[in-house]
Amino acid sequence: MASISNQSWDSQSLQNNPEIRSALEVEAVNVPTSSSRKREGSGRVVEKDGVFLTWEDLWVTVNGKHGSRSILQGLTGYARPGELLAIMGPSGCGKSTLLDTLAGRLDPKARQTGDILINGRKQSSLAYGTLAYVTQDDALITTLTVREAIGYSAQLQLPDTMSVAEKKERAEMTIKEMGLEDAMDTRIGGWGAKGLSGGQKRRVSICIEMLTHPRLLFLDEPTSGLDSAASYYVMSRIASLNRRDGIGRTIVASIHQPSSEVFQLFTNLYLLSSGRTVYFGPASATSEFFALNGFPCPAVQNPSDHFLKTINKDFEQDIEQGYPNALPTEEVIKILVNTYKSSETFKQVQKDIAQIHEQVSETLEKRKRAGFFTQCQVLTRRSFTNMFRDLGYYWLRLVVYIALALGLATLFSHLGHSYNSIQARGSLIMFIASFLTFMAIGGFPSFVEDMKVFERERLNRHYSVTAFVIGNTFSALPFLIIIALVPGVITYYLPGLHKGVDRFVYFVAVLFACMMLVESLMMAVASIVPNFLMGIITGAGIQGLMILGGGFFRLPNDMPDPFWKYPLYYLSFHRYAIQGMFKNEFEGLRIHNMPGRRPTFINGHVIVRDNWQAEMAYSKWVDLAVLLGMVVFYRALFLIIIKLTEKMKPTIMGLMKWNPKKTVQVIANPNRTPLYV
C-alpha cells in the first residue's frame with residue numbers, strides 16, 4: 001500500500017506525459033564488441049573478454065494444484081561488463097528465480113520461455129571458468145582454515161600448467177583482495193566450534209569462486225544474515241570486483257533490503273514485484289522514476305526501503321489502517337509497471353539489447369582445470385584433514401566402539417568349548433557383524449555436510465564425481481582400519497575366540513569390510529535422500545531388513561521364500577559377513593557334545609553346516625570377496641546416481657520448455673545442475 005492520496009490515474013496520460021518520458025530516458029550506450037579494447041584512465045583493459053548477458057520476454061511457470069502459475073512474466077534486460085546489476089523486490093517476487101534462470105540453474109519442474117543469450121548467442125554449455133555462482137548458504141568445510149579452504153580449492157580449479165607455488169600465490173592474493181588476510185589461519189568454524197563471522201564466511205565463499213577470475217559472477221543474496229556494517233563491507237568488495245584482473249566483470253546479485261550505502265554501490269537496478277518488471281535502469285534514477293509517478297521517497301528514508309514498501313502487497317491491510325485514503329498496492333504496482341513499459345527507458349533497453357546482439361559474437365573458450373589425478377590427490381588430502389579434525393566423523397565412534405567392545409568382552413568372557421559355547425559364539429559374532437557395524441551409520445550427518453560442499457563445488461564444476469568418490473574412499477581407509485582393529489582386538493581375544501593370527505586378521509578384515517560397506521550404502525542413500533534425518537531413517541530401515549534376512553534370527557532353510565529368502569537373503573551383506581565369520585571361527589574347532597551324547601566332540605565344520613546352515617560350497621574368502629564387491633557396488637551406485645541426475649536434468653528441462661508465452665517457473669534451487677555444463 002502506498003501512502004499517497006487516492007486520485008485518478010490514467011496510464012495513457014502517464015505514457016504521453018513529456019515530463020515523465022524525459023525523466024525516464026536513458027542515454028544510449030555504444031556497446032563495444034567483446035574483442036574491442038576499451039581502456040579507462042588508468043590504462044587497464046576493462047571490456048576485453050567481457051561477458052554480455054541479455055534476456056528477452058522471459059517467462060517462468062510452474063504447475064500447482066490449482067493449475068499453472070507464472071513466477072516470472074515477460075522480463076527483459078541485460079547485464080554488461082564492468083557493471084553491478086542488483087535484482088531487488090519483496091519476498092516471493094521472483095528474485096532468486098530470475099537469478100537461477102539466468103545462471104542456468106532452473107528446476108526441471110519449472111517451464112521456461114524466452115531467450116537468454118551470452119554475447120549474443122545461445123550457450124547450451126558455458127565454458128568452464130567463465131561463470132561462478134555464490135549461493136546464499138555458505139557450504140564450507142568448517143574444520144579448515146581460510147588459507148586451507150581457498151588453497152585446496154585453488155589446487156582443484158586451476159590447471160596443472162600452473163605450479164603449486166603459483167596456485168598458492170593466486171589463493172593468497174584472492175584472500176587479500178577480499179580483506180581476509182588477518183583471518184588466514186582461523187578455522188571457518190560451525191556448529192559447536194567458534195570460527196569466522198557470517199560476513200567473513202560469505203567472503204570466503206566469494207574467494208573460492210573468484211580463483212579462476214570468472215567473467216560472469218552470480219550472487220544469491222550475499223548480504224543475507226549480515227548486519228549493515230558487514231553487508232556494506234561485503235558488497236563494497238563485490239562491487240570492486242567488476243573491474244579487476246584486467247577485464248570488465250559482469251556481476252549480477254539478488255539482494256533483499258540493502259542499506260542506503262549499499263544501494264549506492266549498484267550500477268543498475270532490476271526491481272520486481274510478483275514476477276513483473278517495475279523498473280530496470282540506472283540505480284541512481286530509481287528515486288526520480290518513483291517521484292514522477294507520484295511516489296516520492298522521503299528525504300530521510302532509505303530509498304530501497306521506500307521502493308519495497310511501495311510495491312509490497314504482503315502487509316496491505318496493516319498499512320491501510322494507517323493510510324485510509326491510500327491507493328491499493330496492486331493498483332500502485334500496475335501504475336509503475338505500465339509506466340515503465342511505455343517509457344523511453346524500456347524502448348532504449350530493447351535497442352541496447354539489439355545492439356549487443358549485433359556487435360557481440362565472441363565464443364567463449366573453455367579454460368582448463370586440474371587433471372584427474374591431481375583432483376584425486378587434493379580431495380584425498382582435504383577429506384583426510386577434515387575427518388581427522390572432525391571429532392564426530394570417526395573419533396567419537398571409536399570411543400563408542402571401544403565401550404561396546406569392552407561390554408561384549410566381559411559379557412562373553414571365557415567362552416570355553418562346551419556345547420553351550422556354540423550359541424554364545426554365534427550370538428557374539430552376530431552382534432559384531434550386525435549391530436556393531438550398524439553404528440557406522442553415525443557418520444552420516446558429517447557426510448551430509450560433505451555432500452553440501454560437494455554439491456556446491458560440483459555445480460561450479462570444480463572437479464569430477466569420480467574424483468570425489470575416490471578421494472572420500474582413500475581418506476576414510478586409515479580411520480576405518482583403526483576402528484576395525486582396536487575394537488576387534490578386544491572382542492576377539494578377551495572372550496577367547498579361535499586362536500591364530502590368520503583367523504584374527506580375517507576377523508578384522510570382515511569387520512572393516514562391513515563398516516566400509518555401511519558407509520558406501522549410506523553414500524548411495526545420501527544421493528537420493530539428501531536430508532540427513534530422513535537419510536538416517538532410510539539407512540536404518542534398510543539395514544534392519546538386511547539383519548532380519550541375514551540368516552541368524554531365522555535359519556536359511558526355515559525362511560519364507562517370498563521376499564525374505566528370494567531375494568533379501570542373497571542381497572543382505574550380513575549373510576556373507578556372518579557365514580564368513582562362522583567358518584573362520586568354527587572350522588578346525590572341536591566342541592564338546594552334550595553330556596551323554598555321541599560323538600563326544602563335534603567337528604566345527606558340522607556345526608557350521610548343520611547348526612547355522614551356512615553355504616559350504618565355497619570358502620570364507622569368497623564371503624569376504626563378496627563383501628568387498630558390495631563396497632565397490634554401492635560406491636559405484638552413488639556415482640551412477642549422481643551422473644544420471646546430471647545427465648537427465650538438462651534433458652528434462654528441454655522437454656519442459658513451452659512455446660506459449662504464458663508459462664514459466666517457481667523458485668529455482670541454487671543446488672541444481674546448471675544448464676551451462
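Of the 677 residues in this protein, 54% count as buried. The model is a predicted one, and the exercises below work through parts of it.

**Exercise 1. The overall picture**

Determine how many helices and strands the protein has, and what share of its contacts with a separation of 6 or more comes from residues 24 or more positions apart.

*Solution.* Begin with the secondary structure: the protein has 24 helices and 15 strands. Next, turn to the contacts with a separation of 6 or more; residues 24 or more positions apart account for 78% of them. Finally, consider charged pairs: the structure holds 19 salt bridges.

**Exercise 2. The partners of arginine 147**

Identify which side chains form salt bridges with arginine 147, and state where the partners lie along the chain.

*Solution.* Recall first that side chains of opposite charge can pair when their charged atoms come close.

Step 1. Glutamate 172 forms a salt bridge with arginine 147, with 3.0 Å between the closest N and O atoms. This pair links distant parts of the chain, since glutamate 172 belongs to helix 5 (residues 164-177) and arginine 147 to helix 4 (residues 146-157), 25 residues apart.

Step 2. Aspartate 185 also meets arginine 147 in a salt bridge, at 3.0 Å from N to O. Here the loop between helix 5 and helix 6 (198-210) holds aspartate 185, and the two residues are 38 residues apart.

Step 3. Compare accessibility with the cut-offs: under 20% is buried and over 50% is exposed. Arginine 147, at 30% relative accessibility, therefore counts as partly exposed. Aspartate 185, at 56%, counts as exposed.

**Exercise 3. A pair between helix 14 and helix 17**

Establish whether arginine 382 and glutamate 457 are buried or exposed, and which network they belong to.

*Solution.* Step 1. Arginine 382 and glutamate 457 form a salt bridge whose closest N and O atoms are 2.8 Å apart. Arginine 382 lies in helix 14 (residues 372-389) and glutamate 457 in helix 17 (residues 444-459), so the pair ties together parts that are 75 residues apart in sequence.

Step 2. Arginine 382 has 7% relative accessibility and therefore counts as buried. Glutamate 457 is buried as well, with a relative accessible area of 2%.

Step 3. Salt bridges that share partners join Glu209, Arg382, Arg456 and Glu457 into one network.

**Exercise 4. Helix 18 and its surroundings**

Describe the span of helix 18, locate its kink, and find what phenylalanine 384 and valine 486 touch.

*Solution.* Step 1. Helix 18 (residues 465-493) has 29 residues and reaches 41 Å from its first C-alpha to its last, close to the expected 42 Å. A kink of about 40° lies at leucine 477, shortly before proline 478.

Step 2. Phenylalanine 384 lies in helix 14 and is partly exposed, with a relative accessible area of 34%. Not counting residues up to four places away in sequence, phenylalanine 384 touches Ser475, Pro478 and Phe479. Its C-alpha atom is separated by 9.9 Å from that of threonine 473, 89 residues apart along the chain.

Step 3. Valine 486 lies in helix 18 and, at 33% relative accessibility, counts as partly exposed. With residues up to four places away left out, valine 486 touches Leu398 and Ile402. The C-alpha atoms of valine 486 and valine 508 are separated by 9.3 Å.

**Exercise 5. Lysine 565**

Determine which side chain of opposite charge is nearest to lysine 565, and what surrounds this lysine.

*Solution.* Step 1. Lysine 565 lies in the loop between strand 12 (562-563) and strand 13 (566-567).

Step 2. The nearest side chain of opposite charge is aspartate 561, 5.0 Å away. A salt bridge requires a nitrogen within 4 Å of a carboxyl oxygen; lysine 565 is buried yet has no salt bridge.

Step 3. A polar atom of the lysine 565 side chain lies 3.4 Å from the backbone oxygen of proline 556. Beyond neighbours within four places in sequence, lysine 565 is in contact with Pro556, Asn557, Met559, Pro560 and Tyr570.

**Exercise 6. Helix 22 and its ends**

State how many residues of helix 22 are buried, and which residue caps its N-terminal end.

*Solution.* Step 1. Helix 22 (residues 573-586) has 14 residues and reaches 20 Å from its first C-alpha to its last, close to the 20 Å expected.

Step 2. Of its 14 residues, 14 are buried, so helix 22 is largely enclosed by the rest of the structure.

Step 3. Serine 572 caps the N-terminal end, where a side-chain oxygen lies 3.3 Å from the backbone nitrogen of histidine 574. Just after helix 22, glycine 588 takes a positive phi of about 85°.

Terms used: Residues numbered from 1 in each chain as written. Predicted model: local features only at pLDDT ≥ 70, side-chain atom pairs only at ≥ 80, totals over all residues. Heavy atoms only, no water. Helix = DSSP H or I, 4+ residues; strand = E, 2+ residues; numbered from the N terminus. Buried < 20%, exposed > 50% of the residue type's maximum accessible area, 1.4 Å probe, protein only. Lys, Arg positive; Asp, Glu negative; His and termini not counted. Polar contact = N/O pair within 3.5 Å; in protein donor to acceptor, adjacent residues only side chain to side chain. Contact = heavy atoms within 4.5 Å. Expected span 1.5 Å × (residues − 1). Bend = angle between axes of the 7 residues up to and from the residue.
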